[in-house]
Amino acid sequence: MANLLYSSYFLFLFLFQLSDAQSFIGVNYGQVADNLPAPEATAKLLQSTSIEKVRLYGADPAMIKALANTDIGIMIGVANGDIPTMAADPGFAKSWIGANVLAFYPASKITTINVGNEILYSGDRNLITQLLPAMQNLQNALNSAAVGGKIKVSTVHGMSMLVSSEPPSSGRFDPAITDSLKDLLSFIDSTGAPFLINPYPFFAFQSDPRPETLAFCLFQPNGGRYDAGSKITYMNMFDAQLDAVRSALNAMGFKGVEIAVAETGWPYKGDSNEVGPSVDNAKAYVGNLVSHLRSMVGTPLMPGKSVDTYLFALYDEDLKPGPTSERSFGLYNTDLTMTYDAGLSKSSTHQSPTTPKTSPAMAPPASKKNSSLWCVPKAGVSDAQLQANLDYACALQGIDCSPIQPGGACFEPNTIASHATYAMNLVYQSSEKNSWNCDFSQTATLTSNNPSEPLISNFFLISHNYNPRVSNG
């Protein structure tokens, strides 16, 4: 097994280095501002990151054109005000597709058209009844242009459309919108379009500003929240919110409809009376979310894959009304520098501290100080807690988890237990090697047994219900 992994390492490393970007990481590009960089500068900035998708709230031709030949996926938007005409006049829909899609496609990689914003829960009965006809006319126009199978039509929803979301297994949509929602879901189910949702753990924390809630929202070590309905312990709010939506979709009979996150983020600044905004919290949320997505572990109800996620937002929008936080979500400043480092830059995504390059072992070598000690999870720690530890560790500055990502030297065995062991020990070995550097909410311990040794490694994995017979080795 070791020889097979070792001989495969160079091929894996080569393939890994070809994929700096992640197709499931996107960003929102809002334009309620008067100080935005030129579209060409923004396109160049995006190419320097691991972001591969951009959501526009409209169909700005300058931005769409600037993204031509970059291979960056583009979601464009139909304004709420265009929905009535779009619904009533198929010719208008065809003209809109011609002007905003066909004029740029395929050089500009338009993948999705979002119609309106949170319409079903807007209370506007006219827009609610016109939404689906508008989407159908757009789809027919795409089909007529022979691009209907390549460009999807959907609409964005807010978490407020759920009347129940906690625990996640109880997730249900508001009965008041069930009829309209069912017809819409039938449409996107038939076309393969995603169900677009805006989960914001930031707002969940504002409604429950306890320290344990903050840790839960920021993907930091915490005690978790047990869902008695599914018997799952959730370790972060993002997964809990998405699985609440998944439960609601399943309850309506749409188990095959895929979920995508149209917006999620955390403000780095707010007014004095706002709870939660800060650079540290924003960096923790976005950085840990990106690490969570890169882990490809998914959510408990949608395991083994990462949900397409558009981060909010690329820049601040200085003309937005409301509290300061509304104008403080930008990942980058308008001078193209980072507001904070969330690990999105290609130059920082795969920075390498001292990590093993030629061994499939789970853990990096010990340092000179306490050189005979390694940090490993305690026996009996749940997979949910191990995943939380993994997300937390890989989001820390200077911690490089690329060896346990697909194609990495230590990706196999592909289990949460082995990946968490690697990451937790790397945190310890990169620190001052004090006992509290190997705590992880009391789920870790120091050992003199090197987890890289096959005998110890196999014993540890078996104690965490790992079956070596199902590995690829």
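Rings of Phe, Tyr and Trp count as a pair if their centres lie within 6.5 Å. In this predicted model, such ring pairs link Y200, F202, F203, F205, F219, F238, W266, Y285, F312 and F329 into a cluster. The structure holds 14 aromatic pairs. Two pairs that share F202 are described here. In the pair of F202 and W266, the ring centres are 5.2 Å apart and the planes stand at 70°, so the geometry is edge-to-face. F202 belongs to helix α8 (residues 201–207), and W266 to the loop between β11 (259–264) and α11 (279–294). The pair therefore ties together parts that are 64 residues apart in sequence. F202 is buried, at 1% relative accessibility. W266 is also buried, at 1% relative accessibility.

F202 pairs with F329 as well. This pair is edge-to-face, with 6.3 Å from centre to centre and 85° between the planes. F329 sits in the loop between β14 (309–311) and α12 (346–349), whereas F202 is in α8, so the pair ties together parts that are 127 residues apart in sequence. F329 counts as buried because its relative accessibility is 4%.

The overall fold was then examined. The protein has 15 helices and 16 strands. It comprises 473 residues, of which 54% count as buried. Among contacts between residues at least 6 apart in sequence, 72% join residues at least 24 apart. The accessible surface comes to about 19,700 Å². Carbon and sulfur atoms account for 52% of that surface.

The largest nonpolar core has 98 residues. Within this core, I76, W96, I113, V115, L138 and F195 touch the most other members. Helix α6 (residues 125–144) supplies the largest share, 9 residues. A second, separate core holds 22 residues, among them L390, C394, I404 and L426. In the largest core, the surroundings of I76 were listed without its neighbours within four places in sequence. The contacts of I76 are L56, G58, A59, I64, W96, N100, V101, I110, T112, I113 and N114. Of these, W96 and I113 also appear among the core residues that touch the most other members.

Helix α2 (residues 39–47) has two sides. Its buried residues are P39, T42, A43, L45 and L46. Seen down the axis of α2, these residues fall within an arc of 160°, so they line one face of the helix. E40 and K44 are exposed on the other side of α2. An α-helix has 3.6 residues a turn, so residues three or four places apart point the same way.

Two further sites illustrate local packing. S306 is located in the loop between β13 (302–303) and β14. The relative accessible area of S306 is 14%, so this residue is buried. A polar atom of the S306 side chain lies 2.3 Å from the backbone oxygen of L293. Not counting residues up to four places away in sequence, S306 touches F24, H292, L293, R294 and M296.

The second site is P84, in helix α4 (residues 83–88). P84 counts as partly exposed because its relative accessibility is 29%. Not counting residues up to four places away in sequence, P84 touches L127 and Q130. P84 and L127 are 43 residues apart along the chain, and their C-alpha atoms are separated by 7.0 Å.

Backbone geometry was considered last. The peptide bond from Y105 to P106 is cis, with omega near 10°. P106 lies in the loop between α5 (90–102) and β4 (110–117). The bond from E412 to P413 is likewise cis, with omega near 0°. P413 is placed in the loop between α13 (383–395) and α14 (416–429).

Positive phi values occur at N69 and E118, neither of which is glycine. Phi of N69 is near 60°. N69 lies in the loop between α3 (61–66) and β3 (73–78). With a relative accessible area of 67%, N69 is exposed. Phi of E118 is near 50°. E118 is found in the loop between β4 and α6. At 31% relative accessibility, E118 counts as partly exposed.

How values were computed: Residues numbered from 1 in each chain as written. Predicted model: local features only at pLDDT ≥ 70, side-chain atom pairs only at ≥ 80, totals over all residues. Heavy atoms only, no water. Buried < 20%, exposed > 50% of the residue type's maximum accessible area, 1.4 Å probe, protein only. Helix = DSSP H or I, 4+ residues; strand = E, 2+ residues; numbered from the N terminus. Arc of directions from axis to C-beta. Phe/Tyr/Trp six-rings, centres within 6.5 Å; stacked < 30°, edge-to-face > 60°. Contact = heavy atoms within 4.5 Å. Areas by Shrake-Rupley, 256 points an atom, 1.4 Å probe, with all protein chains shown as cover. Core = buried A, V, L, I, M, F, W, Y, C linked by side-chain atoms within 4.5 Å. Polar contact = N/O pair within 3.5 Å; in protein donor to acceptor, adjacent residues only side chain to side chain.
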